[in-house]
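Let's take a friendly walk through this structure, beginning where two chains meet and then turning to a sheet and the helices beside it.

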Amino acid sequence: MKTDIILAGVGGQGILSIASIIGDAAINENLYLKQAETHGMSQRGGAVVSHLRIADTEIAADLIPMGKADLILSVEPMEALRYLPFLSPKGYVVTNTTPFINIPNYPELNEILAEIEKQPRFVAIDADKIAAEIGNKRASNVVMLGAATPFIDIEPEKIEAGIEHIFCKKGEAVVEMNLKAFQAGRSFALENK
Amino acid sequence: MQKNLFLGVEAIAQGAIDGGISGVYAYPGTPSTEITEFIQDSELATKKGIRSKWSANEKTAYEAALGMSYAGKRTMVCMKHVGLNVAADAFINSAITGINGGLVLTVADDPSMHSSQNEQDSRFYGKFAMIPVLEPSNQQEAYDMVREGFELSEQLEVPVMVRITTRLAHSRAGVVRNTELEQNALQLPGDPSQFVLLPAIARKRYKGLLEKQEQFEKAAKKSEYNLYKKGEDKSFGIIACGIAYNYLLENYPEDDCPYTVFKLAQYPVPQKILDKMAKNCEEVLVLEEGYPVVEEHIKAVFKKDIKVSGRLSGALPRDGELNADLVAKALGKETQVGADVPGLVVNRPPALCQGCGHQDMYKALNESLDKYTKGRVFSDIGCYTLGALPPYKSIYSCVDMGASVTMAKGAADAGLIPAVAVIGDSTFTHSGITGLLDAVNDGSNIVVVISDNESVSMTGGQESSALGKIESICTGVGVDPKHIRVLTPLKKYHELMVQTFEEEIAYEGVSVIVFRRECIQAAAKRLRKQKKMKDNPNK
C-alpha cells in the first residue's frame with residue numbers, strides 16, 4: 001500500500017492540520033509516513049505545499065517525485081492547479097472551490113474551475129459553504145479531508161479516530177462538529193467522484 | 001517500539017535532550033528555529049533544568065555554549081546557515097581551543113533559498129574549522145547523531161557540527177527514542193591554558209588540531225552512518241551525501257542498484273573508502289545537497305582516469321535543492337511529469353499580514369520621501385523586508401542582519417541625503433546597535449526607523465531581546481534623546497508619522513524613530529492563549 005498526497009493551500013489556511021490528522025491515523029496503523037512541510041517566509045500568505053507520503057514499507061524521499069502523486073488535496077482552487085506536474089496519470093484532484101484572494105491579479109474563478117473540470121479525475125467541492133451549513137466555517141479543512149478519504153488507502157474510521165484524537169482537547173462539541181464536517185465531505189466525494 | 005512523529009528539527013531537539021545537554025543556545029532563523037522552541041516547550045527539558053532562552057544573536061549564542069562546555073557540561077548551539085557567518089569567529093577558534101563538555105553545533109542550510117538570502121553550504125565551514133561534520137539522511141539519524149554527538153565531541157575533544165537542510169528540518173517521520181543520558185557534572189578543563197589563545201598557546205593547540213585530523217578521518221571511516229556497498233556493475237559508482245541518499249533510494253525502490261554506493265554521512269571524507277571506490281568504479285557521480293564540496297574533494301584525490309560528475313560537471317544543477325527527479329536524470333533514468341501548470345496560474349508571493357504595523361510605517365515613509373529621488377531606504381532581515389514588494393516598493397537593500405543602519409550611514413557619508421534605515425526590533429539588538437554607535441560617533445546624517453513589533457515575527461513570534469529596551473539602548477549609544485521619537489503605526493496617526501519623518505529628515509544628525517505596535521500574529525496568539533486560560537483556569 002502506498003498513497004502519495006500533495007496538500008496545497010495558502011500560508012495561514014491550515015493545511016498542516018489536515019496532515020496531522022492523517023499522520024495520526026497512519027502512525028496508529030503502524031504505517032510508514034513522511035511529510036514535508038513549508039515553514040518560513042511563505043507562511044505569510046504565500047503558496048504553501050506539503051508532501052505527505054504513507055506506505056506499508058519504508059519510504060525513501062521526503063518529496064514526492066513528479067508525476068507520482070496519487071492525490072492533490074487543495075484547500076484553494078488555483079493552488080490545486082499549481083502542482084499538476086506532480087500528479088500521476090491515474091491520480092485525483094480534490095479541491096475546495098472557494099478562492100483565497102490575497103493578490104491583485106487573481107484569475108477569474110470561472111476560468112480556474114474550468115481548468116479543474118478539464119482534469120480526468122477530480123472532485124470540486126465548496127467546502128466553505130458545507131462547513132458554514134454545518135455551523136462552523138473553520139471546519140472547511142475537515143470537509144476537505146473527508147472529501148479526500150475515498151482516495152486514501154486508510155479506512156475512514158481510522159481517520160475519524162485521528163479527528164477525535166486531535167480535537168479531543170477542545171471538547172466534545174468540537175469533535176462532533178468536525179466528525180459531521182468529515183462525513184459531509186466524504187459523502188459529497190463519493191457521490192461526485 | 002513507540003514511534004514519535006517528529007520533524008527533523010524536533011528529532012534533533014529530542015536527541016539533544018536525551019543526549020544530556022544542560023543548555024541550548026540559539027537565535028531564531030528558518031529552518032532551525034523549531035529546535036530551540038521544541039526544547040523550550042518540552043516538559044522533560046524543563047524537568048531536567050535545561051536552559052533554553054533565546055540569545056541576542058548567533059555569536060553570543062555560540063560563545064555562551066562554549067562557556068558551558070568550558071564548565072564541563074554538554075551543550076548544543078543552533079542556527080541557520082547565515083547565522084554561522086555571524087558566529088564564525090567564535091566557531092573557527094573553538095576548534096582550536098577544543099571543548100571540555102561535549103559541544104554540538106547544529107546548522108540548518110537552506111538550498112533553494114526558501115527563506116534566506118543565499119544557499120551557502122555549512123560543510124565548507126566544517127572543513128574550514130577542520131572539525132567532524134555529521135550529515136543525517138533522515139529523521140531517525142538526526143536524532144541518533146545528535147544524541148551520540150556529545151560523546152563524539154568529548155572523545156575527539158572538538159566541537160562537532162550537525163548539518164541539515166530545509167527538507168530534513170521540516171519533514172516529519174517516525175522516530176524511535178533511545179535512553180536518556182545523564183548531564184555532566186560541573187568540571188573545569190584539566191589544562192588551565194586550553195582556552196587561552198595567546199599566539200604561543202594557539203600555535204601549539206593548532207598543531208594539535210592538525211594532528212587530530214587523522215583521528216577524525218578514522219572516526220568517519222568506522223562510523224556506522226557511512227555505508228559502503230560494492231556493486232556488480234563496475235562502470236559507475238555513486239557517493240550520496242546526507243539526505244541525497246534518500247533520492248538515490250527513491251530511484252531504486254527494490255534495493256536493486258547495480259553500482260557501488262557510498263553513503264556519506266560523517267566527514268571528513270574517509271580516504272580509505274575513496275581508495276576502495278577508485279578500484280571498483282570507472283566513473284563516480286556525487287549527489288550532494290548544497291555546494292560541490294565532495295565533488296571538488298574527490299576530483300583532487302582521484303586519479304585522472306576516473307571521471308567525476310555531479311553539480312560541477314553539469315550532471316546535476318549547480319544551484320538549488322536536489323530531488324528524486326534530478327537524481328533520476330543524473331542516473332540516466334526515465335522520469336515522468338504530470339500535466340503542465342495551466343497558464344492562468346499566477347504566483348502568490350508572501351506578503352505583510354493585513355493590519356500589520358509595518359504597512360502603516362511604509363505608507364508614511366513613502367509619502368515623506370515622495371519629494372526626493374528614489375533609492376534612499378536601506379533595510380534588513382525580517383517581515384518588513386516584504387516592503388520591497390508591491391504595493392510598497394519602499395526599500396532598496398536587504399543584505400545581512402544589521403546592514404540597514406551601516407549601509408545608510410555609508411551612503412550618507414557618500415552624500416546621499418536623506419538616507420533612511422529600516423530595521424526591526426530583534427534585528428536591531430542582533431546586529432544594529434554597533435552600527436548605530438558608528439553613526440553617532442561619526443555624526444552621520446541618517447534616519448533610523450526601528451519598526452518594533454515586539455517579537456521575532458518572521459520566524460513565528462519568538463521573544464525579542466529588544467523588548468522594552470530600545471529607547472534606553474539608543475540613548476546609551478549616544479543618540480540625542482530629542483531625536484528618539486516613538487510613534488504608534490496606525491492609520492489614524494498617518495499625518496503625525498509623516499510630519500515626524502519630515503522633522504527628523506530635516507535634522508542633520510542621527511535620528512531614531514521607533515514605530516511600536518505588537519505583531520498582529522503575536523496579538524492573535526496572545527488573545528487565544530488568554531481565552532484558553534479563561535476557559536480552563538486550572539490548566
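## Where the chains pair

In strand β7 of chain B, B:A173 is the bridge partner of A:K34. The model is a predicted one, so please read each feature below as part of that prediction.

The strands around this pair are β2 of chain A (residues 32–36) and β7 of chain B, which pair in the antiparallel sense over three bridges. Stepping back to the whole contact, chain B contributes 38 residues and chain A contributes 40 residues. On the chain B side, at least two residues each come from β1 (3–7), β7 (171–176), α10 (244–251) and α13 (324–330). By character, the chain B residues that touch chain A are 20 nonpolar, eleven polar and seven charged.

## The sheet of chain B

Chain B also has an open sheet of six strands with mixed pairing, in the order β2-β3-β4-β6-β5-β11. Its edges are β2 (21–26) and β11 (266–267), each of which pairs on one side only. Within the sheet, β3 (residues 74–80) and β4 (residues 103–109) of chain B run parallel and are joined by six bridges. Here B:V77 stands opposite B:L105 of β4.

Which helices lie across these strands? Two of them, α1 and α2 of chain B, are set out below.

| Helix (chain B) | Strands crossed (chain B) | Angle to β2 of chain B |
|---|---|---|
| α1 (residues 8–18) | β2, β3, β4 and β6 (160–165) | about 145 degrees |
| α2 (residues 33–41) | β2, β3 and β4 | about 135 degrees |

How values were computed: Residues numbered from 1 in each chain as written. Chains lettered and ligands numbered in written order. Predicted model: local features only at pLDDT ≥ 70, side-chain atom pairs only at ≥ 80, totals over all residues. Pairing = 2+ DSSP bridges. Helix = DSSP H or I, 4+ residues; strand = E, 2+ residues; numbered from the N terminus. Contact = placed C-beta atoms within 7 Å. Axes fitted to C-alpha atoms, helices over the stretch in contact; angles between N-to-C directions. Nonpolar A, V, L, I, M, F, W, Y, C, P; charged D, E, K, R; others polar.
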